[in-house]
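Subject: Structure handover, pockets

Hi,

Here is the structure I promised to pass on. Please open it alongside this note; my findings follow below.

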Amino acid sequence: MGTYETGSIAREYLPIFLEGARTTLTIVLAAIVCATVLGYLVAAARLSRFRALRLTAGAYVWFFRGLPLMLSLFFFYYTQPFGLVFDAFTAGLIAMSLNSASFFSEIIRAGLRAVSPGHLEAAESIGMNPFQKFRRVVVPEAVRLMTPPYINNCVIMLKESAQVSVITVPDLMLAGQKAYNATYNVTETLGVVAALYLALTSLLMGLQMIVERRTGRRMGTAASLRTAGATA
């Protein structure tokens, strides 16, 4: 085992760390997209007037919210469900998407239910059609309410993505393990990994600030609609 000066591990293994960070960011962003789409469908089903849809969606949320992500990772990677064989990245993406969609669906459902009925009535009173109401009233108001918990869950997804290393996805955590196995310098290795995770989570939190500012400005639309409806 060779000796390493402070900072030498970061320099020597930087390409491995950056490739691991790229894989982490790729799988997390893909899982966020899939979980958001699936979460919206589940939320819509839970708000449906059809009891069967509500019960099915509720069972889905109950099931995946109650399972550890690690268990889902092992299931899709090792058990070959329904005769399907998934590589490590695909298994990790499926597990993260299904687990996270159960949380996103509750955030989306709460945001949609929290839209003020008065704002919708005001939009109708000035002649907005359903699409216009959804785009100009429901979306801005719901997004403003959903953004903080939504981004918070995205940050949690990014941190929990470190678990995909256990099924050999070459993410940032696995890159750190490789560097440690070669150098046995745990302090600097973990320091580099921590710095890169903090950089990635900071990007998401910065995005939250931008979205909150923009949706805050657009909420003036809803307020003006309420005023217009009151004077109509």
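Let me begin with the second largest pocket. Helix 3 (51–65), helix 5 and helix 7 each give at least two residues to its lining. Please bear in mind that this is a predicted model.

Helix 5 is the main contributor to the second largest pocket, supplying five residues of the lining. In total, 13 residues line this pocket. Nearest its centre are Asn-99, Ser-100, Phe-103, Ile-156 and Glu-160. The lining holds eight nonpolar, three polar and two charged residues. The space in the second largest pocket comes to about 200 Å³.

Now the largest pocket. Its space is about 380 Å³. Its lining has 17 residues. Closest to the centre are Thr-36, Ile-108, Val-143, Met-146 and Tyr-150. Four elements supply two or more lining residues each: helix 2 (14–46), helix 5 (88–113), helix 7 (130–160) and helix 9 (186–231).

Which helix gives the largest share of the lining of the largest pocket? That is helix 7, with nine residues.

What is the chemical character of that lining, by class? In the largest pocket, 15 lining residues are nonpolar and two are polar. No charged residue takes part there. The second largest pocket, by contrast, has two charged residues in its lining.

Two helices are worth displaying for both sites. Helix 5 and helix 7 each appear in the lining of the largest pocket, and helix 5 and helix 7 also help line the second largest pocket.

Best wishes

Key: Residues numbered from 1 in each chain as written. Predicted model: local features only at pLDDT ≥ 70, side-chain atom pairs only at ≥ 80, totals over all residues. Heavy atoms only, no water. 1 Å grid on protein atoms, 1.4 Å probe; cavity = no way out; pocket = protein on both sides within 12 Å on 5 of 7 lines; lining within 4 Å. Points joined across faces, edges and corners; volume = space filled by probe spheres on them. Nonpolar A, V, L, I, M, F, W, Y, C, P; charged D, E, K, R; others polar.
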